[in-house]
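Student: I should like to learn how features of a protein model are read from its atoms. Could we take open spaces, charge pairs and backbone angles in turn?

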Amino acid sequence: MLAPSEYEGTETRGYLDTATYGLPPRSTLAAVDEAARAWRERGPWLRWEEDGEACRSLFARIIGASPDQVAFVGAASVAAGIVAASLDAGPGDNIVLYERDFDSVLFPWRPLAERGVELRHVPLERLVDAVDDRTALAAFSLVQSADGRVADLDGLKGTGIRLFVDGTQTVGGSALDIDGIDYLVAHSYKWLLSPRGLAFLYVRPERVDELTPWLAGWKSRSDPFGDYYGAPELAADAHRLDVSIPWFSAAGARPSLALIAELGAEVIAEHNLGLARSFCAAFGLPEPASPIVRVEVEDADAAVERLRRAGVSCSARSGSIRFAFHLYNEPADVDLALEALSPDQVFDAQS
């Protein structure tokens, strides 16, 4: 594992389900406990706001952006909804979507169909081909949560259209280049190992003015701590899209994000993909494109239960088993899964 001081001796053995939620570092649990204690003892709330601002800066560092390009949002669907409601698109225009993407990436665009915008639901490998001169935007998860497949980001960047990317299954676990991405959202409770409730929206600077701050609140002004009344001008950067942060999620997220930033995205990505490759090689499966691997078996629910009894945590998705490898995993976790899932039970994998 990459962070033994944070995880050694904790309940990480056999946990191959980060695509559902990540396991917290020791320092994160301590920070949450401290925040709860301070709450009980009437501690200063500005301390938790400081945690939030630190999280903004750390997330920006992880993806290679600056803090003024990052907004706080509550979930990936919230970010997609803001972009969808602000998009200048009408009859004759289209939005390109992956037909089997996660629902939070698909639902927010549906109201645009009432304006006459065509929603093009296509296979993942056809996203680039579906783009034409009336495409207003393409929205997709970069790494698919169901099977770990990776969208052709470079190809889509080459089209020049606006790109809305859900990086919830990417940021913290896989490599990412934000150059050419217009909007990137990532929730922090999976590969960023944080408490649920805090998500981040990166906005390319030249796109900020195109977004209407539908959810603007007290955090959306240029100096939110200077005054709380009178509805002054909104911030000129991505902060104008801020929603109020969940204080205790921010307190816990701060050490988790600091750990990810300290280890480095490239180092983590190499570690995670290496474990996924070892797993796939043992079964003679195709080389994975991400740390998420889908394995097809005869009875996925029964196989997941068998793995659970063997001490392996994973998920059943669309009739298959999903494994996910992260920084607290090591070769022994791969071996444990291999022992519980014999090769003759495996039919195929999509990765």
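**Spaces in the model**

Tutor: The second largest pocket contains about 250 Å³ of space. Among the 16 residues lining this pocket, Leu 142, Val 150, Ser 174, Ala 175 and Leu 176 are the closest to its centre. Helices α6 (153-159) and α8 (265-283) are the elements that each contribute two or more residues to the lining of the second largest pocket.

Student: What kind of model is this, and how are its residues numbered?

Tutor: This is a predicted model, in which local features need pLDDT of at least 70 and side-chain atom pairs count only at pLDDT 80 or more, whereas totals for chains, interfaces and linings use all residues. Residues are numbered from 1 along each chain as its sequence is written, and side-chain values use heavy atoms, with hydrogens and water left out.

Student: How are pockets, volumes and elements defined?

Tutor: On a 1 Å grid over the protein atoms alone, a pocket is an open set of points with protein on both sides within 12 Å along at least five of seven lines, while a cavity is a set where a 1.4 Å probe fits but cannot get out; lining residues have an atom within 4 Å of a point. Points are joined across faces, edges and corners, and the volume is the space filled by probe spheres set on them. Helices (H or I, at least four residues) and strands (E, at least two) are DSSP runs numbered from the N terminus.

Student: Which classes of residue line the two pockets?

Tutor: Ala, Val, Leu, Ile, Met, Phe, Trp, Tyr, Cys and Pro count as nonpolar, Asp, Glu, Lys and Arg as charged, and the others, Gly among them, as polar. The second largest pocket is lined by 11 nonpolar, 3 polar and 2 charged residues. In the largest pocket, with a volume of about 650 Å³, the lining comprises 8 nonpolar, 10 polar and 11 charged residues. Its lining counts 29 residues, with Phe 102, Asp 103, Ser 145, Ala 146 and Gln 169 nearest the centre. Here α4 (76-86) and α5 (103-106) are the elements that supply two or more lining residues.

Student: How many cavities of 30 Å³ or more are there, and what lines the largest?

Tutor: There is 1 cavity of 30 Å³ or more, and the largest cavity encloses about 50 Å³. Ile 62, Ile 63, Val 171, Gly 172, Ser 174, Ala 175, Leu 176 and Ala 265 line it. That lining has 6 nonpolar, 2 polar and no charged residues. Ser 174, Ala 175 and Leu 176, lining residues of this cavity, are also among those closest to the centre of the second largest pocket.

Student: How is a salt bridge recognised, and how many are there?

Tutor: Side chains of opposite charge can pair when their charged atoms come close. The criterion is a side-chain nitrogen of Lys or Arg within 4 Å of a carboxyl oxygen of Asp or Glu. The structure has 23 such bridges. In one of them, Asp 333 pairs with Arg 13, with 3.9 Å between the closest N and O atoms. This pair joins distant parts of the chain, since helix α10 (residues 331-340) holds Asp 333 and the loop between α1 (4-7) and α2 holds Arg 13, 320 residues apart.

Student: Is the bridge between Asp 242 and Arg 56 buried or exposed?

Tutor: Buried means under 20% relative accessible area, exposed over 50%, and partly exposed in between (1.4 Å probe, protein chains only). Asp 242 and Arg 56, bridged at 2.8 Å from N to O, are both buried. Asp 333 also counts as buried, because its relative accessibility is 1%.

Student: What is notable about the phi angles of Arg 42 and Leu 193?

Tutor: Most residues other than glycine have a negative phi. Arg 42 has a positive phi of about 60° without being a glycine, and so does Leu 193, at about 60°. Arg 42 sits in the loop between α2 (26-40) and α3 (46-63) and counts as exposed because its relative accessibility is 78%. Leu 193 belongs to the loop between β6 (183-187) and β7 (199-203) and counts as buried because the value is 1%.
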